[in-house]
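Okay, thanks everyone for coming. I'll put the structure up on the screen, and then we'll walk through it together.

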Amino acid sequence: RKKVTIQALNALRASKTPITMITAYDYPSALACSSSTLTDITLVGDSLAQVCLGYSSTTQLTLREMIHHAQAVSRGTTHPFLVADMPFGSYHTTTADAVANAVRLVQEGRVEGVKLEGGKEIVDVVRRLTEVGIPVMAHIGLLPQRHSALSGYKVQGRSVEGAKRVVQDALALQDAGAFAMVVEAVPKELGKYITEQLKIPTIGIGAGPWTNGQVLVYDDAMGTWSGHKAKFVRRFANLKEVRDTGIQKYAEAVRDGSFPDENTESYAMDKELWQKFL
Ligand code: KIV
Ligand code: NA
């Protein structure tokens, strides 16, 4: 498949073809995301913090760490449009800092676009990044980088006031130049309403079936671990079971001496040479 562009994403939206996006954190998961011609976007999500690096929150992830992983993902990415999350703190000081940090993600991390969490308070940054030619994917609704301020991970936009705020954020971010928008953990009615109000593609996660696309965390979708499963997650594979069974079989085979096989899994010395050697 040809490299996916922003134009191609807009065409998918126009033809009502659901956009498929999934996260990747390293070379193998990037290859996995590129293995189907039906995947459109690979995201180096800052969920990297929890699912790959063992941190308890995305707020602990540094720009340096994100760049390191984005480099590996870019080496394994073929056709999907490649986006990386700007880590917490990397776009919150000044617009100049945000541009410098986004440039590092493009130049060192080799991504094509960046994703930023937030609403009205980040529109100046979104506008400036767009102006200098760095495509911005916005992220509204539940904002994991604000879990402390919000007292946890909660569905957003459930009140009349809350729903209005999310819609106003969405419109302001589109106006600032965002090329697409992740909508996380909002009622399905609001996911549909925002999608109808916007001209850019919406990519939902826990936002119901009526957004222009869907995104899931790779480890949630593939079942590589068995931690908390949010209501909106569907497991499309059970890699943990396959993996743990494989580890058990390997360890058993070493223990009982059946691995490696002396013929098929071992090298042999030429018999005459071996006699000389002895
Ligand atoms: O970090 C992440 O994985 C994300 C997606 C879930 C949208 O932001
Ligand atoms: Na994220």
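So, start with valine 44, which sits opposite alanine 84 in strand S3. This is a predicted model, by the way, so please keep that in mind throughout. That pair belongs to a bigger pattern: strand S2, residues 41-44, runs parallel to S3, and the two are joined over four bridges.

Now look at the other neighbour. S3 also pairs with strand S4, residues 113-117, again in the parallel sense, this time over three bridges. Here alanine 84 turns up again, standing opposite valine 114 in S4. And how does the chain get from S3 to S4? It crosses through helix H5, residues 95-107, and this β-α-β crossover is right-handed.

Let's stay on S3 for a second. It covers residues 81-85, and five of its five residues are buried. Which side chains go which way? Phe81, Val83 and Asp85 point one way, Leu82 and Ala84 point the other way, and all of them are buried.

Asp85 brings me to the ligand. Asp85 is part of the shell around ligand 1, along with Thr23, Leu43, Gly45, Asp46, Ser47, Val182, Ile205, Val215 and Val217. What kinds of residues make up that shell? There are five nonpolar, three polar and two charged.

Next, something quite unlike S3: leucine 53. You'll find leucine 53 in the loop between helix H3, 48-51, and helix H4, 63-76. Buried or exposed, then? Leucine 53 counts as exposed, because it has 12 C-beta neighbours inside 10 Å, and the cut-off for exposed is 12 or fewer. Setting aside residues up to four places away in sequence, leucine 53 touches Leu48 and Glu65. For a sense of scale, take leucine 273: it is 220 residues from leucine 53 along the chain, and their C-alpha atoms are separated by 50 Å.

Okay, zooming out. The chain is split into domain 1, residues 6-237, and domain 2, residues 242-277. Their C-alpha centres lie 46 Å apart. Along its principal axes, the C-alpha trace spans about 85 × 40 × 35 Å.

A few totals to finish. The chain has eleven helices and eight strands. It has 278 residues, and 40% of them count as buried. And if you take contacts between residues at least 6 apart in sequence, 59% of those join residues at least 24 apart.

That's my tour, thanks for listening.

Methods
Residues numbered from 1 in each chain as written. Chains lettered and ligands numbered in written order. Predicted model: local features only at pLDDT ≥ 70, side-chain atom pairs only at ≥ 80, totals over all residues. Near = placed C-beta within 6 Å. Nonpolar A, V, L, I, M, F, W, Y, C, P; charged D, E, K, R; others polar. Buried ≥ 20, exposed ≤ 12 C-beta atoms within 10 Å, placed from the backbone. Contact = placed C-beta atoms within 7 Å. Domains from an automatic or database assignment. Pairing = 2+ DSSP bridges. Right-handed = clockwise from strand over helix to strand, strands pointing away.
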